[in-house]
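Please take the sequence and the fold together, and follow the strands, then the helices, then two loop residues and a pocket.

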Amino acid sequence: MPVQDDYRRKLVSAADAAASVPSGVQVLVAMGLGAPPAVLAALADRVRADELLDLDLYYGMGGDAIGDTILQPGVIEKLRAHTFFVAGRDHHIIADPARADRETLDFIPVNFSNLPRVIREHLDVDTFLVQVSPMDASGHFSFGVVNDYASVAARACRRLIVEVNPNMPRVFGDSLLHIDEVDAIVEHASPLPEVAEAPPTDADLGIAAHVAAHIPDGATLQIGAGRVPAAVAAALGDHRDLGIHSALFSSAFVPLIESGVITGRRKTLHPRRHVWTSAVGDAHTYAFMNDNPSMVSFPADYVNDPQVISRNDAMISVNAAIQVDLYGQVNAEMIAGVQYSGSGGQFDFVTGAAKSRGGKSFVVLPATAKGGAISTIVPRVDIVTDERMDVEHVVTEHGMVNLRGLSTQERALALISLADDAHKDALVEAARAQRLIA
């Protein structure tokens with residue numbers, strides 16, 4: 001059958017697509033900007049009207065498309081929602097013990113590299129919902145700014161519903177989806193949400209300067225989400241022939257590519273290609289990505305596999321943290337005992353960069369929070385995202401230390417040196433109480 005005929009045969013309204021989902025099944029929604037707003041709105045209407053019952057819904061890093069539909073009152077309490085990464089509207093539900101719907105949203109801890117395997121082997125996905133770019137003449141859609149688990153889930157589910165958005169960039173790599181694999185098509189044009197980091201503080205700029213000085217020309221970069229990693233990217237303007245192998249492709253990379261700082265020429269894996277698994281940015285970022293053959297995405301179990309990461313010589317990993325304790329353990333996901341984000345791909349890249357020839361990993365954080373009232377260098381972290389055996393460089397505005405090869409006493413003293421002066425005495429006393437120093 002010609003692909004255009006197949007397209008017309010599978011084209012339905014959002015309401016009809018949602019009507020095909022049965023009660024009592026698992027529904028998986030694409031991560032972040034890949035979540036389809038029109039289909040989710042129609043699905044939420046069915047749940048609200050008690051037409052769709054006993055639903056287990058899974059998603060990762062829910063944005064407005066999830067927040068405006070599934071997480072709304074009248075819907076969220078009528079299903080069981082599970083997220084792989086707490087973000088956005090999730091915070092208002094998880095952090096508020098008074099909310100009656102708090103127990104209906106559950107967090108699944110998983111490193112990004114293992115998420116596709118969880119979907120293949122531990123879930124039983126009936127329906128997968130994803131937003132895609134328009135079909136080309138050969139019958140292929142593109143997953144656009146999301147690959148992460150999308151390209152895996154599309155082949156692991158029993159029912160695949162795609163929402164075609166003309167604003168979704170067409171990208172290369174392992175991002176193609178043929179119409180033969182699709183069960184239903186919904187057309188809906190909506191602007192992709194634009195995501196930008198807040199302006200950097202003086203502390204952020206100080207941290208960025210420390211890190212940038214230790215990144216060699218020709219290095220391959222992974223830069224995580226957050227204000228401080230974005231400041232590191234902005235500090236790389238004098239570097240040459242950098243490359244990208246990153247879980248996240250953000251708008252911070254685009255000016256470096258356009259100015260010739262990032263070329264990928266010296267990469268040992270996928271030279272001259274910018275490798276990533278999920279992307280966010282502004283309108284210019286999405287336009288830059290569209291039909292750009294240097295932009296290649298792969299699923300998270302490839303991009304975030306530490307063995308794959310380590311095949312990049314001079315692999316540089318830069319990730320933000322919430323706390324680092326005197327043992328060198330890193331918390332990047334919990335604040336005051338409440339889940340704030342998730343492990344994401346941080347641990348994958350901390351370990352992968354450490355195995356790379358000439359590689360380095362950097363954990364970056366301001367020395368204080370809450371206007372200086374709280375030290376981010378702490379006696380013990382709330383929860384461990386990165387294990388002390390794997391953490392290398394830790395950076396605050398007060399300096400940088402490399403924990404690799406240091407004893408427990410040496411690393412405790414080194415980390416105290418990164419703290420704000422107002423908190424150092426208390427940290428010394430804690431280190432003594434924990435028998436880390438005499």
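In which sense do strand 24 and strand 25 pair, and over how many bridges? In this predicted model, strand 24 and strand 25, the latter made of residues 399–402, pair in the antiparallel sense, and four bridges hold the pairing. The two strands form a hairpin, with two residues between them, and within that pairing His393 has Asn402 of strand 25 as its bridge partner. Strand 24 also pairs with strand 20 (residues 360–364), here in the parallel sense and over three bridges, and in that pairing His393 of strand 24 is the bridge partner of Phe362. His393 thus takes part in a bridge to Asn402 in strand 25 as well as in a bridge to Phe362.

The side chains of strand 24 (residues 393–396) can be read as two sets: His393 and Val395 point one way, Val394 and Thr396 point the other way, and all of them are buried.

These strands belong to an open sheet of nine strands, whose order is 8-14-13-12-11-15-20-24-25 and whose pairing is mixed. Strand 8 (172–173) and strand 25 stand at the edges of this sheet, and because each has a single partner strand, one side of each is left without a neighbour in the sheet. At the strand 8 edge, the partner is strand 14 (residues 295–297), with which strand 8 pairs in the parallel sense over two bridges; in this pairing Phe172 stands opposite Val296 of strand 14.

A further sheet is also open, and it has seven strands in the order 4-3-2-1-5-7-10, with parallel pairing. Its edges are strand 4 (105–107) and strand 10 (184–187), each with a single partner strand, so that one side of each is left without a neighbour in the sheet. From one strand to the next, the twist of this seven-stranded sheet averages 20°.

Two of the pairings in the order just given can be followed residue by residue. Strand 1 (residues 26–29) and strand 2 run parallel and are joined by three bridges, with Leu28 standing opposite Tyr58 of strand 2. Strand 5 (residues 125–132) and strand 7 (residues 159–164) pair in the parallel sense as well, over six bridges, and there Val132 stands opposite Val164 of strand 7. In strand 2 (residues 56–59), Asp56 and Tyr58 point one way while Leu57 and Tyr59 point the other way, and all of these residues are buried.

The helices can be read in a similar manner, by asking which of their residues are covered. In helix 1 (residues 3–10), the buried residues are Val3, Asp6, Tyr7 and Lys10. Seen down the helix axis, these buried residues fall within an arc of 105°, and they therefore line one face of helix 1. The general geometry of an α-helix helps here: with 3.6 residues a turn, residues three or four places apart point the same way. On the other side of helix 1, Arg8 and Arg9 are exposed.

Helix 14 (residues 346–355) has eight of its ten residues buried, so this helix is largely enclosed by the rest of the structure. The buried residues are Gln346, Phe347, Asp348, Phe349, Val350, Thr351, Gly352 and Ala353.

Phe347 of helix 14 appears again in the lining of a pocket, the second largest, together with Phe107, Pro109, Val110, Asn111, Glu333, Gln339, Ser343, Ile383, Val384, Thr385 and Glu387. This second largest pocket has a volume of about 150 Å³, and the residues of its lining divide into six nonpolar, four polar and two charged.

Finally, two loop residues deserve a look at the backbone. Asp54 has a phi near 55°, which is a positive value in a residue other than glycine, and its place is in the loop between helix 3 (37–48) and strand 2. Phi of Asp241 is near 55° too, again a positive value in a residue other than glycine, and Asp241 lies in the loop between helix 9 (227–234) and strand 12 (243–249). Which of the words buried or exposed fits Asp241? Asp241 is buried, with a relative accessible area of 18%, whereas Asp54 is partly exposed, with a relative accessible area of 45%.

Note on methods:
Residues are numbered from 1 along each chain as its sequence is written. This is a predicted model: local features need pLDDT of at least 70, side-chain atom pairs count only at pLDDT 80 or more; totals for chains, interfaces and linings use all residues. Side-chain values use heavy atoms; hydrogens and water are left out. On a 1 Å grid over the protein atoms alone, a cavity is a set of points where a 1.4 Å probe fits but cannot get out, and a pocket is an open set with protein on both sides within 12 Å along at least five of seven lines; lining residues have an atom within 4 Å of a point. Grid points are joined across faces, edges and corners, and a volume is the space filled by probe spheres set on the points. Ala, Val, Leu, Ile, Met, Phe, Trp, Tyr, Cys and Pro count as nonpolar, Asp, Glu, Lys and Arg as charged, and the others, Gly among them, as polar. Buried means under 20% relative accessible area, exposed over 50%, partly exposed in between (1.4 Å probe, protein chains only). Two strands pair if DSSP finds at least two bridges between them. Axes are lines fitted to C-alpha atoms, for helices over the stretch in contact, and angles run from 0 to 180 degrees between N-to-C directions. The arc is that of the directions from the helix axis to the C-beta atoms.
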